[in-house]
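Here are a few notes to read alongside the model. I hope they help you find your way around its interior.

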Amino acid sequence: MKYLTLCYKVAIIVKTMFLYNSRILFKASVVVTISNNMYSYDGNIYIPRGQGDSWTGFLLASAASSAIMGTMPLFSKPFIKQMKKEHINNDLYREALFKSLNISGLKEKGVRIIDTQFTGLDQLVKDSKQIIDKDIKEGINACYVPTQKIVKLNTDKACISGFHELGHAMNNLKGKLSNLLQKCRYPGYTIAGLMATVALFSTPKPKNAPKDIEDHIRDNCGKIAFISMLPTVAEEALASHRGIKLAKKSGLDKSLIKNLKKFYSKALLTYMGNAVVTGLAVFAAAKITEYFTRPKKISVQSSSAPPLFYQEG
Ligand SMILES: [Zn+2]
């Protein structure tokens, strides 16, 4: 999610640059220019919006999308809550986890589980955000690193997550489609970030004016952002499915399997939530920007008369 935030910041910088170009975009569109500040389309006359409207739209769109993005942690709360609760059951999962690694065939392919915990030095700077893998060391997260074929987790606390991470390793090494889904993760985040940028671009054309590809992308940027994150959701679901299958094979107790399923559905909720919230944030930003930047239809006394209440700027 840090990646998304970065994309969002880039979007704001790009938007600031584009604010000054919105008029050029408008003039370059298919709308016919009939004077310096008036445009006609389909028998109606339109005027571009001023910088004031553009800035108001930009600030409101940014505020709305930030507020919506701010709800993201709510979706991971149930997951983190259960994760912390499961720390005391860790011993019950640990044995089955290492057995799963052995029976999965992943060990032969070079996959290893790396115990990732706080060291004495980490403890000295525990409050610092500089600690790499802080959540993993705390036992509230785990990860699989495809380039190194390693599962990183705190084996004294977070073994319940390990089956899912082995599922990621299987997605990476044992399935063409699942490997492709895994490879779509960062491009998906990039597209979502790009859509956040597009959402903040001015709408240069009057409503119902002929649309080009750029307009279609702008109109659907929320949907595109949501869809671009779905491969990640699908890959996460598949990793959990494979992880649960492995856990069953390793002989993990039925009641613990039930627990595992509950836990992994909460993990999936986090990813689903991220996709929905990102799509909504982009959609809201696009709608607000459109509202404040779409050229206004004006009434004129005759076709040659200048607009009544319009002043440039
Ligand atoms: Zn995962």
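1. Helices (H or I, at least four residues) and strands (E, at least two) are taken as DSSP runs, numbered from the N terminus. With that in hand, look just past α5, where Gly105 follows with a positive phi, near 85°.

2. A word on the source: this is a predicted model, in which local features need pLDDT of at least 70, side-chain atom pairs count only at pLDDT 80 or more, and totals for chains, interfaces and linings use all residues. Residues are numbered from 1 along each chain as its sequence is written.

3. In α5, the buried residues (20 or more other C-beta atoms within 10 Å of their own, C-beta atoms being placed from the backbone; exposed means 12 or fewer, partly exposed in between) are Tyr93, Ala96, Leu97, Ser100 and Leu101. They share one side of α5 because they cover an arc of only 145° around the axis, the arc being that of the directions from the helix axis to the C-beta atoms. Asp91, Asn102 and Ile103, on the other side of α5, are exposed.

4. Now for the largest nonpolar core (buried Ala, Val, Leu, Ile, Met, Phe, Trp, Tyr and Cys residues joined through C-beta atoms within 7 Å). Among its 28 residues, Val151, Leu166 and Ala169 touch the most other members. The largest share, six residues, comes from α8.

5. Which residues does Leu166 touch, leaving out those up to four places away in sequence? Its contacts (C-beta atoms, placed from the backbone, within 7 Å) are Ser100, Leu101, Ser104, Leu106, Val151, Gly243 and Leu246.

Note on methods. Contact = placed C-beta atoms within 7 Å.
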